Amino acid sequence: MYDIIIVGAGPAGLTSALYAARANKKVLVFEAKAYGGQILNASKIENYPGIESISGFEYATILYNQVTKLGVKVKIETVNRILPDKTVITSKNEYQAKSIIIATGAQNRKLNIKNEQEFIGKGVSYCATCDGNFYKNKIVAVNGGGNTALEDALYLSGIAKKVYLIHRRQEFRGETTYLNELKTKENVTLILDSTITCLNGQDYLESITIQDKNQSSQELKIDGLFIAIGQEPNNQIFSNIVDIDDKGYIISEDGVHTKTKGIYVAGDTRVKNLRQLTTAVSDGSIAATMAIKEMN
Ligand code: NAP
């Protein structure tokens, strides 16, 4: 019997684990892939109070070490189901806890166009910091208008010969600071009001077709495409214990409480106004504190 089982080892989940372990609780964290979550994709974090600049990987590793040094176990097991009595059923076993914190974040959104799936790892990537280095002195495109796309384009401008930033509108969702910096880069070209309609190539991506708002199409020869069009949660497996909105995010009351007593939610996977590192760790600390306070 664990006091708290946490699902997800991103910043929200690991912060919950940190708070719970420091309160002397028996904690277990499940992660399907690798610790860190989406923050691993951030080449630089420069808006976390108190830290001027740090890479996402470095930040996640420091947090992971901080938590595991306190004796918290992080198991790489996929959680398939959670029962209202706080039984957690994973790909390998069943576990029991007094409280559960769901901190599963979100997954990369797909363009859902022809060849996207086939060209993953063959010219199509969802992580510039992971795969950017393969495109030294090559031509790449980034798709999206949020902070991830802007940061990816900035990061790639230091590696690739040429970077196209393709966005479906004129206005960007991402911060003006990043946009202004991008505009100073000579090897970056913005292509606005445009969407990618086709990925072309034989075995590898060779070009993309883009269409502007007047429906006129052009082909762009590129070596790599970085898709950074946001994230989508994957919470259907929890629909027996939590309410989910039409976009798939968990609906919470008062921030971290779900409709089931003893089951909490933290981080990007819940309905919220701002999905950032600061708000993820804030949720993580509140969820753990509430779980400890309300544990019977
Ligand atoms: P995001 O903010 O949701 O932006 C997604 C972008 O992709 C939007 O510009 C959207 O266009 C576009 N888009 C969505 N679906 C599309 C489609 N099917 N085809 C073409 N374009 C599409 O996602 P994000 O940039 O990954 O950021 C996620 C969260 O993490 C945000 O809250 C962000 O601020 C945060 N983040 C923060 C930092 C940082 O602070 N350093 C770094 C990275 C991410 P529209 O604008 O037209 O909807």
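In which loop is Asn-115 found? Asn-115 is in the loop that joins strand 7 (107-108) to strand 8 (124-125).

The model is predicted: local features need pLDDT of at least 70, side-chain atom pairs count only at pLDDT 80 or more, and totals for chains, interfaces and linings use all residues. Residues are numbered from 1 along each chain as its sequence is written, and side-chain values use heavy atoms, with hydrogens and water left out.

**View 1. Asn-115 and Asp-193, two loop residues with positive phi**. Asn-115, a residue other than glycine, has a phi near 80 degrees. Asp-193 is not a glycine either, and its phi is about 50 degrees. The loop that holds Asp-193 runs between strand 11 (188-191) and strand 12 (194-200). Strands (E, at least two residues) and helices (H or I, at least four) are DSSP runs, numbered from the N terminus.

**View 2. The two domains and the area buried between them**. Domain 1 comprises 2-106 + 233-294, and domain 2 comprises 124-227; the bounds come from an automatic or database domain assignment. Their C-alpha centres lie 31 Å apart. Seven residues of domain 1 are in contact with nine of domain 2, contact meaning heavy atoms within 4.5 Å. About 550 Å² is buried between the domains, with 35% of this area given by carbon and sulfur atoms. Buried area is the accessible area (1.4 Å probe) that two parts lose on being put together, summed over both.

**View 3. The shell around the ligand**. Both domain 1 and domain 2 give residues to the shell, so the ligand lies between them. Of the 19 residues around the ligand, those that come nearest are Asn-47, Thr-148, Arg-169, Arg-173 and Arg-275; a residue is near if one of its heavy atoms lies within 4 Å. The shell holds three nonpolar, nine polar and seven charged residues. Here Asp, Glu, Lys and Arg count as charged, Ala, Val, Leu, Ile, Met, Phe, Trp, Tyr, Cys and Pro as nonpolar, and the others, Gly among them, as polar. Helix 4 (residues 147-157) gives the most to the shell, with three residues.

**View 4. Side-chain N or O atoms at the ligand: Asn-47, Asn-147 and Tyr-178.** An N or O atom in the side chain of Asn-47 is 2.6 Å from a ligand oxygen. For Asn-147, the distance from a side-chain N or O atom to an oxygen of the ligand is 3.0 Å. The side chain of Tyr-178 has an N or O atom 3.1 Å from a ligand nitrogen. The protein covers 80% of the 900 Å² of accessible area that the ligand has on its own, by the Shrake-Rupley method with a 1.4 Å probe.

How values were computed. A polar contact is a pair of N or O atoms within 3.5 Å; within protein, one must be able to donate a hydrogen and the other to accept it, and residues adjacent in sequence count only if both atoms are side-chain atoms.
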